[in-house]
Amino acid sequence: MSENKIPYKVYLNENEMPTAWYNLRADMVSKPAPLLNPGTGLPLSAEELAPIFCEELVRQELDDETAFFPIPQEILDFYKMYRPSPLVRAYCLEKALGTPAKIYYKFEGNNTSGSHKLNSAIAQAYYAKNQGLKGVTTETGAGQWGTALSMACAYLGLDCKVFMVKVSYEQKPFRREVMRTYGASVTPSPSTETEVGRKILAEHPGTTGSLGCAISEAVEVATKNPGYRYVLGSVLNQVLLHQSIIGLEAKAAFDKIGVKPDIIIGCAGGGSNLGGLIAPFMGEKLRGEADYRFIAVEPASCPSFTRGKFAYDFCDTGMICPLAKMYTLGSGFIPSPNHAGGLRFHGMSPVLSQLYHDGFMEARAVEQTSVFEAAERFARTEGILPAPESSHAIKAAIDEALRCKETGEEKTILFGLTGTGYFDLVAYQKYNDGEMSDYIPTDEDLEKGFAGLPQVPGLE
């Protein structure tokens with residue numbers, strides 16, 4: 001039996017928590033395109049990535065063949081504090097909708113960081129500590145990743161430097177203060193602390209920032225300070241690998257109760273939650289063992305899947321990072337400041353981009369007022385105040401459930417509830433006060449980003 005055919009149940013412990021992460025790339029016939037050196041246009045080697053990422057994370061990033069990576073015991077011990085996370089049937093929401101559909105959600109908000117991001121944060125911090133590093137640098141948008149990483153670094157005694165997208169830094173002071181409470185330094189991005197930050201500010205005075213800007217600053221600081229490496233909360237292969245624990249747990253829970261989901265829905269920004277949720281289910285689909293319908297839901301104000309181009313692009317605005325082939329709006333694209341949630345990265349995970357390009361997944365873009373309407377509907381029925389990011393998935397789940405009501409189909413729907421929205425109350429306030437508006441970039445807006453797509457030797 002080949003490694004990718006080993007039943008995932010082999011890797012469940014007595015508490016039904018996975019003891020290995022699942023690498024979806026091992027079952028992909030069309031592998032994600034390799035990261036490229038922007039100067040040469042050639043695939044990046046482990047040696048070239050080593051100054052940016054931790055050594056073990058580089059290995060995970062580049063491995064397209066190994067199906068399962070054992071989770072180190074120290075990480076498993078940390079996971080025990082909040083995992084397995086609950087798979088919940090939304091009985092009250094079903095009743096309120098009057099739908100014959102069965103709706104389930106995998107809830108990742110039952111830890112202090114309030115989101116699924118902690119699953120990868122503790123892994124990346126562990127490998128940094130194991131390598132003998134002093135600390136790590138990163139970016140954060142809405143703040144969930146920065147909060148999770150600051151927690152993980154505090155637990156392991158690592159220094160943590162966070163560049164937070166300026167609009168979120170200003171809109172979400174309490175998320176910022178949680179990071180600082182855990183010992184992280186938090187800087188609004190773009191800043192004057194880095195060369196790339198100063199350049200971006202000079203070219204775009206008054207900019208509210210983007211994840212691409214913050215990534216550039218974090219990478220610069222990591223590469224210029226000995227003993228530091230850069231870590232990322234989404235997009236990369238290694239992050240989707242760590243987040244596969246979400247889908248593995250969900251599949252184990254469904255198998256235990258003898259239920260098979262028909263539709264699996266996740267919000268899509270960079271792809272970490274969506275990729276983690278769908279991983280084992282998509283693996284079955286790729287191997288021809290089962291069929292599922294997968295739906296990626298993104299904001300209409302940052303529509304990389306639905307309106308982006310499948311091309312090589314920089315992962316950062318400063319154009320200092322490797323090139324990744326993904327659905328992208330261009331590294332210079334900066335979402336509108338009225339975009340209340342996260343999901344503001346200009347590109348999408350190369351793994352998910354390849355799957356979408358090959359027709360294994362659907363994508364839809366939704367406007368934020370409808371997202372917050374769905375969020376309040378969920379909160380009033382299920383009793384959890386959802387994060388704005390998760391609420392994109394809630395919106396699509398409600399739409400699918402109502403479609404079942406019209407057709408009489410008894411579909412089983414699973415969506416990812418990535419976290420709670422208690423640090424997003426400014427956005428909820430704007431919605432409740434009628435001050436929230438919808439912004440959809442024009443084709444002309446998007447063309448400005450596409451115009452900056454790189455041209456390098458050997459680029460497809």
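Which residues line the second largest cavity? The answer comes after a look at the sheet, because one sheet residue is in the list: Tyr 230 of strand 8 pairs with Thr 137, and Tyr 230 lines the second largest cavity. The residues are Leu 35, Ile 52, Phe 53, Ile 215, Val 219, Tyr 230, Leu 232, Leu 236, Cys 315, Cys 321 and Pro 322. By class, that lining has 11 nonpolar residues, no polar and no charged ones. The volume of the second largest cavity is about 100 Å³. The model is predicted, and the volumes below are computed from it.

Start with the sheet. It is open and has four strands, in the order 7-6-5-8, with parallel pairing. Strand 7 (185-189) and strand 8 (228-230) stand at the edges. Each has a single partner strand, so one side of each is left without a neighbour in the sheet. On average, neighbouring strands are turned by 20° against each other, direction ignored.

Strand 5 (residues 135-140) pairs with strand 8 in the parallel sense, over three bridges. Within that pairing, Thr 137 has Tyr 230 of strand 8 as its bridge partner. Strand 5 also runs parallel to strand 6, and six bridges join the two. Here Thr 138 has Val 162 of strand 6 as its bridge partner.

Two helices pack on this sheet. Helix 8 (residues 173-181) touches strand 5, strand 6 (159-165) and strand 7. The direction of helix 8 makes about 170° with that of strand 6. Helix 10 (residues 211-224) touches strand 5, strand 6, strand 7 and strand 8. The direction of helix 10 makes about 170° with that of strand 5.

How many residues of strand 5 are buried? Six of its six are, and the strand is mostly covered. In a regular strand the side chains alternate between the two faces of the sheet. In strand 5, Gly 135, Thr 137 and Glu 139 point one way. Val 136, Thr 138 and Thr 140 point the other way. All of these residues are buried.

Now turn to the enclosed space. Rolling a probe the size of a water molecule over the atoms shows where empty space is left. The structure holds five cavities of 30 Å³ or more. The largest has a volume of about 400 Å³. It is lined by 32 residues. Lys 117, Leu 211, Ser 234, Gly 270 and Leu 343 lie nearest its centre. Strand 5, helix 6 (144-156), helix 10 and helix 12 (272-286) each give two or more residues to the lining of the largest cavity. Helix 12 gives the most, with three residues. By class, the lining of the largest cavity has 12 nonpolar, 16 polar and four charged residues.

The pockets come next. About 260 Å³ of space lies in the largest pocket. Its lining has 14 residues. Glu 203, His 204, Thr 317, Met 319 and Gly 332 lie nearest the centre of this pocket. Helix 9 (195-203) and helix 18 (443-450) each supply at least two residues of the lining. The largest share, four residues, comes from helix 9. The lining of the largest pocket divides into four nonpolar, seven polar and three charged residues.

The second largest pocket holds about 200 Å³ of space. Of the 16 residues that line it, the closest to its centre are Ala 33, Pro 34, Leu 35, Glu 61 and Asn 237. Leu 35 also lines the second largest cavity. Helix 2 (55-62) and strand 12 (323-328) each supply at least two residues of the lining of the second largest pocket. By class, this lining has 11 nonpolar residues, one polar and four charged.

Ala 33 leads to one last residue. Is Gln 354 buried or exposed? Gln 354 is buried, because its relative accessible area is 11%, and buried means under 20%. Gln 354 lies in helix 14 (residues 350-357). Leaving aside residues up to four places away in sequence, Gln 354 touches Met 28, Ser 30, Lys 31, Pro 32, Ala 33 and Phe 310.

Methods:
Residues numbered from 1 in each chain as written. Predicted model: local features only at pLDDT ≥ 70, side-chain atom pairs only at ≥ 80, totals over all residues. Heavy atoms only, no water. Buried < 20%, exposed > 50% of the residue type's maximum accessible area, 1.4 Å probe, protein only. Contact = heavy atoms within 4.5 Å. Pairing = 2+ DSSP bridges. Axes fitted to C-alpha atoms, helices over the stretch in contact; angles between N-to-C directions. 1 Å grid on protein atoms, 1.4 Å probe; cavity = no way out; pocket = protein on both sides within 12 Å on 5 of 7 lines; lining within 4 Å. Points joined across faces, edges and corners; volume = space filled by probe spheres on them. Nonpolar A, V, L, I, M, F, W, Y, C, P; charged D, E, K, R; others polar.
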